[in-house]
Amino acid sequence: MDKVKVMIVDDHEMVRLGMKTYLLTEDRIEFLGEAKSGNEAAQLAKLYMPDVILMDLLMEDGNGIEATKKILTFHPHCKIIILTSYYDDEKVFPAIEAGAHSYLLKTASAEEVTSAVYKAMKGESVIASKVADKMMNRFRPQVRKPHEELTARELDVLKCLGEGMTNQEISEELFIGVKTVKTHVSNILSKLGVTDRTQAAIYANRNGILYSKNMKE
C-alpha cells in the first residue's frame, strides 16, 4: 500500500520532536513536515497536501480549530486528528464541528496515535474515551422528573400536600382561594401521574420537595 503522508502541528518543540521520531520508525508513514501554529499549518498543508494531520488545539497565531476549518476548505479529503490535552466541552464540540476526523488526548501512547493514523485512512474515527463520554452525554435525552413540569405555585401547593394540609389550610397558608387550591391540586395530580393527594404527598417526600415557612413571603 502507499505510504500515509503525515504532518504534525504543535507549538511545543519537544512534542513535535517526540512524535516525529516515532513516526519516522514506521515504514508505512511518510513524514512531510511540522508546524508550530495554526496559520503555519494551513500554509504547509496547501504546499504538501498531507493525508493526515496530527493537530494540537491551543496555539498562538491560529488555533487548531480554525486551522482545521481552513485546511478542509481546500483539502477536504485530509483526515485531521486532534491531539491535545484538553477535553472540555468548549474544545471538543467545536473541533468535531470544524471537521476533525478523530480526537485523541496526549496521554495516548505512540502506538495508539499511529493506529489512529492508519484507521483514518480506512475512514475509521478514533475518539478518546473521555471525549466519547462527553459526546454521549450531550446527545443523550435528559429525562425530566414530573415535578419539574410544575409551576412555581403548583410546587408550593405540592409542598403543602407533603405536609398533609387540607385545601383550607393550604388556602390560608399561601393566601389564595380554596377554589384556586383545588385547581392547583388537580393540575398537580395530572402532571405527577398520581390519582389522589395522598400519593402526591408521598411523591413530595420521596423527592425531597419540602415545606418551608418562607414560602408565603
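Which element gives the largest share of the lining of the largest pocket? I took this question to the structure, which is a predicted model.

**Entry 1: the pocket**

I found that helix 1 supplies the largest share of the lining, with six residues. The pocket itself has a volume of about 200 Å³. I looked up which elements give two or more residues to its lining, and these are helix 1 (13-23) and helix 5 (110-121). In total, 14 residues line the largest pocket. I noted that Val 15, Gly 18, Met 19, Leu 83 and Val 113 lie nearest its centre. I then sorted the lining by class and recorded 10 nonpolar, three polar and one charged residues.

**Entry 2: Ser 102**

I next turned to Ser 102, which belongs to strand 5 (residues 102-105). Is Ser 102 buried or exposed? Its relative accessibility is 0%, so I entered Ser 102 as buried, the cut-off being under 20%. I then looked for its contacts, leaving aside neighbours within four places in sequence. Ser 102 touches Ile 80, Ile 81 and Ile 82, and also Glu 124, Ser 125, Val 126 and Ile 127. For Val 126 I have a further detail: its backbone nitrogen lies 2.9 Å from a polar atom of the Ser 102 side chain.

**Entry 3: the domains**

Finally, I consulted the domain assignment of the protein chain, which gives domain 1 (4-139) and domain 2 (146-207). How far apart do the C-alpha centres of domain 1 and domain 2 lie? I recorded a separation of 55 Å between these two centres.

How values were computed
Residues numbered from 1 in each chain as written. Predicted model: local features only at pLDDT ≥ 70, side-chain atom pairs only at ≥ 80, totals over all residues. Heavy atoms only, no water. Helix = DSSP H or I, 4+ residues; strand = E, 2+ residues; numbered from the N terminus. Buried < 20%, exposed > 50% of the residue type's maximum accessible area, 1.4 Å probe, protein only. Polar contact = N/O pair within 3.5 Å; in protein donor to acceptor, adjacent residues only side chain to side chain. Contact = heavy atoms within 4.5 Å. 1 Å grid on protein atoms, 1.4 Å probe; cavity = no way out; pocket = protein on both sides within 12 Å on 5 of 7 lines; lining within 4 Å. Points joined across faces, edges and corners; volume = space filled by probe spheres on them. Nonpolar A, V, L, I, M, F, W, Y, C, P; charged D, E, K, R; others polar. Domains from an automatic or database assignment.
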